[in-house]
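Welcome! Please take a moment to look at the model below, and then let us walk through some of its features together.

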Amino acid sequence: MPSYVIFIFLLMMIFMVFDIACVWIIYQKAGVPGWKSIIPIYNILVLFKLANIPMWMFLLLFIPLVNLYPLYLIYTSLVERLGKKKIYGILLIIFPVIIYPILAFSKSHVESTYMNLEEEKSPSSVLMDGPIE
């Protein structure tokens, strides 16, 4: 095998590890445990919850070109919570390798955390407190 193939493979692996680290940091800034960023599909569902987007829109991610709309909603909501402009959300769709490090290593933080969103009533507390109003 030619040496340039090994070099390209190693370079790609370095970029992948760096990208995973950046997303991990962004999740932690949002108040979400970082390990949730590395679980496929679940990480997107966490972003939907963080961005307050209906979960049924997850299905739109499987339709080509239509998937850009939920991605736009997720990423613009996330970057606005991090104190950045909406253009960063659009650029995050196109150039994630560049924008993820910018978001991860900026001094911004999310105002409303994921933990606040999980404080909804659990099914057991609904049974104890009575009917949902």
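## Helix H2 and what follows

Just past H2 comes Asn52, a residue with a positive phi near 55°. Keep in mind as you explore that this is a predicted model.

Which residues of H2 are buried? They are Asn43, Val46, Leu47, Phe48 and Leu50. Two of these names, Asn43 and Phe48, will come back further down.

## The chain as a whole

Stepping back, the protein chain has seven helices and zero strands. Read from the N terminus, its elements run α-α-α-α-α-α-α.

The chain has 133 residues, and 33% of them count as buried. Its accessible surface comes to about 8,900 Å², with 73% of that belonging to carbon and sulfur atoms. Now consider the contacts between residues at least 6 apart in sequence: 48% of them join residues at least 24 apart.

## Helix H3

Helix H3 covers residues 68-81 and offers a nice check on helix geometry. At 1.5 Å a residue, its 14 residues should span 20 Å, and the C-alpha atoms at its ends are indeed 20 Å apart, so the two values agree.

Which residues of H3 are buried? The list is Pro70, Leu71, Ile74, Tyr75, Thr76, Ser77, Leu78, Val79 and Arg81. Here is a general idea to hold on to: an α-helix has 3.6 residues a turn, so residues three or four places apart point the same way. The cover over the buried residues of H3 includes helix H1 (3-29), helix H2 (42-50), helix H4 (86-94) and helix H5 (96-105).

Just after H3 you will find Gly83, which takes a positive phi of about 85°.

## Aromatic rings

A pair of aromatic rings is described by the distance of the centres and the angle of the planes. How many aromatic pairs are there in this model? The count comes to three. In one of them, the ring centres of Phe48 and Phe58 are 6.3 Å apart and the planes meet at 75°; an angle over 60 degrees counts as edge-to-face, so this pair is edge-to-face. Phe48 belongs to helix H2 while Phe58 sits in the loop between H2 and H3, so the pair ties together parts that are 10 residues apart in sequence.

Phe58 also forms an edge-to-face aromatic pair with Phe62, at 5.4 Å centre to centre and with 85° between the planes. Together, Phe48, Phe58 and Phe62 form one aromatic cluster. Are Phe48 and Phe58 buried or exposed? Both are buried. For Phe58 the relative accessibility is 14%, so Phe58 counts as buried, whereas Phe62 has a relative accessible area of 57% and is exposed.

Another ring to look at is that of Tyr88: Lys84 lies over its face, at 5.7 Å from the ring centre.

## A serine in a loop

Where is Ser37 found? Look in the loop between H1 and H2. Ser37 has a relative accessible area of 8%, so this residue is buried.

What does the side chain of Ser37 reach? Its partner is the backbone oxygen of Gly34, at 2.6 Å. Leaving aside residues up to four places away in sequence, Ser37 touches Val23, Trp24, Tyr27 and Asn43. Asn43 is one of the buried residues of H2, which brings us back to the helix where this tour began.

How values were computed. Residues are numbered from 1 along each chain as its sequence is written. This is a predicted model: local features need pLDDT of at least 70, side-chain atom pairs count only at pLDDT 80 or more; totals for chains, interfaces and linings use all residues. Side-chain values use heavy atoms; hydrogens and water are left out. Helices (H or I, at least four residues) and strands (E, at least two) are DSSP runs, numbered from the N terminus. The expected span of a helix is 1.5 Å times one less than its number of residues. Buried means under 20% relative accessible area, exposed over 50%, partly exposed in between (1.4 Å probe, protein chains only). Contact means heavy atoms within 4.5 Å. Rings of Phe, Tyr and Trp (its six-membered ring) pair if their centres lie within 6.5 Å; planes under 30 degrees apart count as stacked, over 60 as edge-to-face and the rest as tilted. A charge sits over a ring if NZ of Lys or CZ of Arg is within 6 Å of the ring centre and within 35 degrees of the ring normal. A polar contact is a pair of N or O atoms within 3.5 Å; within protein, one must be able to donate a hydrogen and the other to accept it, and residues adjacent in sequence count only if both atoms are side-chain atoms. Accessible areas come from the Shrake-Rupley method with a 1.4 Å probe; for residues, only the protein chains shown count as cover.
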